[in-house]
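Here are some friendly notes to go with your first look at this structure. Please keep the view open and find each residue as you read.

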Amino acid sequence: KKVEKYDANSPIDCDLNRFREAFMDKDKLMETGTNLLYAHQLMLGLPMGATKPWLEWIDVPVKRKVLISRSTRYPSSDEIYLLQRNAKSVNFMGTDLEEKCFRDCTRMELPRISITNALDAAKAICSSEKFIVNGTLFYWIAVGMGHPDIVHELGVDIPTTHFFKENMPNIKYVQGARFLK
């Protein structure tokens with residue numbers, strides 16, 4: 001709901017790691033559907049839902065048609081990226097290792113967006129018309145800001161970034177060679 005500057009004299013009153021409890025309790029697992037957002041909301045005593053963006057959109061001009069970001073953690077589909085092979089204005093955002101792995105898997109060499117923190121990532125995400133991403137911090141930044149066109153590479157058997165109760169028309173899910181929505 002809000003962000004405040006940290007005051008070393010004020011104790012922190014919540015443990016952000018408690019979201020993991022939702023995966024250890026059958027009832028909580030069913031209630032959250034394994035969705036990470038819902039797991040965090042449940043543990044913090046907040047109502048579960050993603051009815052509106054919860055991060056402020058950064059007003060930057062659109063610089064690229066497509067931004068791709070892919071971590072090595074939950075890959076499931078090289079095909080979704082290969083569809084962008086001949087597209088114009090496509091960039092990659094990620095670490096040196098992520099870029100190397102992406103090139104190895106897809107044989108695509110894309111101009112890379114250099115970032116140093118989550119704010120840089122948010123600005124790059126906002127400056128794209130379409131964002132293709134797997135289950136990473138960058139995915140959650142895009143969801144949190146309500147990016148208008150997210151293509152999400154959903155990890156196999158790890159649906160923590162899926163199963164929103166709300167209709168999320170801005171997110172298309174792909175797993176392997178299958179579009180799920």
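1. A word on contact before we start: here it means heavy atoms within 4.5 Å. With neighbours within four places in sequence left aside, Asn134 is in contact with Ser69, Arg70, Ser71, Tyr74, Pro75, Tyr81, Tyr139, His152 and Glu153. Please keep in mind that you are looking at a predicted model.

2. Where does Asn134 sit? You will find Asn134 in strand E4, which covers residues 128-134. Asn134 counts as buried because its relative accessibility is 0%, and the cut-off for buried is under 20%. Its side chain also has a polar partner: one of its polar atoms lies 3.0 Å from the backbone nitrogen of Ser71.

3. Two of the residues in contact with Asn134, Arg70 and Glu153, deserve a visit of their own. Arg70 and Glu153 form a salt bridge, with 2.9 Å between the closest N and O atoms. This pair ties together distant parts of the chain, 83 residues apart: Arg70 belongs to the loop between strand E1 (64-69) and helix H3 (79-82), while Glu153 belongs to strand E5 (residues 150-153). Are the two partners buried or exposed? Both Arg70 and Glu153 are buried.

4. Arg70 has another partner as well. It forms a salt bridge with Asp78, and here too the closest N and O atoms are 2.9 Å apart. Through shared partners, Arg70, Asp78 and Glu153 are joined into one network of salt bridges. Arg70 has a relative accessible area of 5%, so it is buried, whereas Asp78, at 26%, is partly exposed.

5. How many salt bridges does the structure hold? The count is 8. One of them that you can look up joins the side chains of Glu21 and Arg18, at 3.1 Å from N to O. Glu21 is partly exposed, with 32% relative accessibility, and Arg18 is partly exposed too, with 34%. As general background, side chains of opposite charge can pair when their charged atoms come close.

6. Next, go to helix H6, residues 137-145. Why is H6 described as largely enclosed by the rest of the structure? Because 8 of its 9 residues are buried. Among them are Tyr139, Trp140 and Gly144; Tyr139 is also one of the residues in contact with Asn134.

7. Both ends of H6 reward a closer look. At the N-terminal end, Thr136 acts as a cap, with a side-chain oxygen 3.0 Å from the backbone nitrogen of Phe138. Just after the helix comes Gly146, which takes a positive phi of about 75 degrees.

8. Finally, a backbone detail that is easy to miss. Most residues other than glycine have a negative phi. Thr34 has a positive phi, near 70 degrees, and is not a glycine. Thr34 lies in the loop between helix H1 (26-32) and helix H2 (36-43), and it counts as buried because its relative accessibility is 16%. Arg107 is not a glycine either, and its phi is positive at about 60 degrees. You will find Arg107 in the loop between helix H4 (96-106) and strand E3 (112-113). Is Arg107 buried or exposed? With a relative accessible area of 61%, Arg107 is exposed.

Key
Residues are numbered from 1 along each chain as its sequence is written. This is a predicted model: local features need pLDDT of at least 70, side-chain atom pairs count only at pLDDT 80 or more; totals for chains, interfaces and linings use all residues. Side-chain values use heavy atoms; hydrogens and water are left out. Helices (H or I, at least four residues) and strands (E, at least two) are DSSP runs, numbered from the N terminus. Buried means under 20% relative accessible area, exposed over 50%, partly exposed in between (1.4 Å probe, protein chains only). A polar contact is a pair of N or O atoms within 3.5 Å; within protein, one must be able to donate a hydrogen and the other to accept it, and residues adjacent in sequence count only if both atoms are side-chain atoms. A salt bridge is a side-chain nitrogen of Lys or Arg within 4 Å of a carboxyl oxygen of Asp or Glu.
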